[in-house]
Amino acid sequence: MKRRAFIKSSSLASGAFLIPSFLKPFEAMAKPELTGYKNLVIIQLSGGNDGLNTIVPHGNDIYYQKRKTLAIANTVIVKLNDIQGLNPNLAALQEIYDQGWMSIINSVGYPNPDRSHFRSMDIWQTASNADQFLSTGWVGRYLDANCQSCPNPYTAIEVDDTLSLAMKGTQMKGIAVQDPNKLLQTTREPFFKDLVHQPNNEHLNEDNLGYLYKTMIETYSSADYIQNTSKTYKVTAEYPSTGFANQLKTVSKFINAGLQTRVYYVSLSGFDTHTNQQNQQGRQLKIYADAVAAFIKDLKQTGKLDDTLVMTFSEFGRRVEQNASNGTDHGTANNVFVFGGKLAKAGFYNDAPDLTNLENGDLKYQIDFRNVYATMLDKWLNVNNSQILNQNFSSLNFI
């Protein structure tokens, strides 16, 4: 079969191209020796969330001077200490914080920050320097390194219909799954069955076509494994009726069903708040907090919280001073949240952002985001971070 004919027949197969691209199987990785692993859940807030109106420095007068109409009123802030508190839309996280299951890392960024959404997200997802352009993500490189050097390969799932650059390695990639049942149904179309039961070496040996061919075959078996394993567990905890909460509910189902997965990836967009920020950001923060609180409580109840680490990031923060449209423009350093049942340092990891020592009106970063990654790689995923990050970064003490 020629390339054109193959692609044509693929597109004619009902629903075939609804399958997310860049899929990889992990049926073969479902080995008993992987039991006892820890879970890492990564949450991406897309759009550049305004960290100063998220973890509010209510004890700093400069904050109110710089944001005369945008500052969160002192009377409604959920105060965590004399200096900082939660945006009221994050109220659901107060109990999580009080229980010692949340760590807040302030002023996280990188040298020579890029304020472009696309480029900055690339930097966070690839863990590159600002002047580097990498084609692999840090989670993907973690998969590459472990599958080449250890007897127990690992894998990663993004609960979405597309796969982020963070999850793509050279040899290994994660899999994007929005709904296990839909994925299974789609791969049971007659076209997929024909591919699986009538493999053709000619297709496998042709570069790009071979990749597509193998991917579709691998997806067939992966879908079966994901669906058959995950359906053994029914989530009983209550979650909000939002798309983001459904993503975390799906992750809970995967974790509690015992899926052989180390890394999960979910995202929430809508944080690019140049105008009328308070309502838009407040709405997104509430969606985030209500879902995360439900997820953390769910894992605590099922006994999985001690083996789960949840990290939230955004590609950059916003400028310290509000703009003329009651919003904020693209900035630099931001806060990162870490959740888990075994945090070594819960609460605030470091001091509040320094609003007196800015760089062209932006916060100066105090912690390189790759130090956060290095901590998770070294202490949680048990792999030397220099293998993944291409240089050695010191670990932090939040786990």
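Begin by selecting arginine 67: its relative accessible area is 0%, so the residue is buried (under 20% relative accessible area, with exposed meaning over 50% and partly exposed in between, for a 1.4 Å probe and protein chains only). Add aspartate 50, which also counts as buried, at 0% relative accessibility. The side chains of aspartate 50 and arginine 67 form a salt bridge of 2.6 Å, N to O (a side-chain nitrogen of Lys or Arg within 4 Å of a carboxyl oxygen of Asp or Glu). Side chains of opposite charge can pair when their charged atoms come close.

The model on display is predicted: local features need pLDDT of at least 70 and side-chain atom pairs count only at pLDDT 80 or more, whereas totals for chains, interfaces and linings use all residues. Residues are numbered from 1 along each chain as its sequence is written, and side-chain values use heavy atoms, with hydrogens and water left out.

**Further salt bridges**

The search of the whole structure finds seven salt bridges. Next, select glutamate 95 and lysine 297, whose closest N and O atoms are 2.9 Å apart in a salt bridge. This pair links distant parts of the chain, since glutamate 95 lies in helix α3 (residues 93-98) and lysine 297 in helix α11 (residues 277-301), 202 residues apart. Helices are DSSP runs of H or I with at least four residues, strands are runs of E with at least two, and both are numbered from the N terminus. Glutamate 95 is partly exposed, at a relative accessible area of 39%, and lysine 297 is likewise partly exposed, at 36% relative accessibility.

Then move to aspartate 272 and arginine 318, whose side chains meet in a salt bridge of 3.2 Å, N to O. Aspartate 272 belongs to the loop between β8 (263-268) and α11, while arginine 318 belongs to the loop between β9 and β10 (334-340); the two are 46 residues apart. Is arginine 318 buried or exposed? Arginine 318 is buried, with a relative accessible area of 2%, whereas aspartate 272 is partly exposed at 31% relative accessibility. Now select Arg115, Arg319 and Asp362, which salt bridges with shared partners join into one network.

**Strand β9 and threonine 312**

Select strand β9 (residues 308-314) and find threonine 312 within it. Threonine 312 is buried, its relative accessible area being 2%. Its side chain makes a polar contact of 2.7 Å with the side chain of tyrosine 288. Such a contact is a pair of N or O atoms within 3.5 Å; within protein, one must be able to donate a hydrogen and the other to accept it, and residues adjacent in sequence count only if both atoms are side-chain atoms. Which residues does threonine 312 touch, not counting residues up to four places away in sequence? They are Ile43, Leu45, Tyr288, Val336, Phe337 and Phe339, where contact means heavy atoms within 4.5 Å.

**Helices α10 and α4**

Helix α10 covers residues 243-257; its 15 residues, at 1.5 Å a residue, should span 21 Å, and its end C-alpha atoms are 21 Å apart, which agrees. The expected span is 1.5 Å times one less than the number of residues. Of the 15 residues of α10, 11 are buried, among them Phe244, Leu248, Val251, Phe254 and Ile255. Glycine 258 follows α10 and has a positive phi, near 85°.

Compare helix α4 (residues 117-126), where eight of the 10 residues are buried. The buried residues include Arg119, Asp122 and Trp124. After α4 comes alanine 127, with a positive phi near 65°.

**A three-stranded sheet**

Select β2, β4 and β3, which form an open antiparallel sheet in the order β2-β4-β3. The edge strands are β2 (55-56) and β3 (78-79), each pairing on one side only. β2 and β4 (residues 85-86) pair over two bridges; strands pair if DSSP finds at least two bridges between them. Isoleucine 55 stands opposite leucine 86 in β4.

**The whole chain**

Finally, show the entire protein chain, with its 13 helices and 12 strands. Buried residues account for 57% of its 399 residues. Among contacts between residues at least 6 apart in sequence, 72% join residues at least 24 apart. The accessible surface is about 16500 Å², 46% of it belonging to carbon and sulfur atoms; areas come from the Shrake-Rupley method with a 1.4 Å probe, and for residues only the protein chains shown count as cover.
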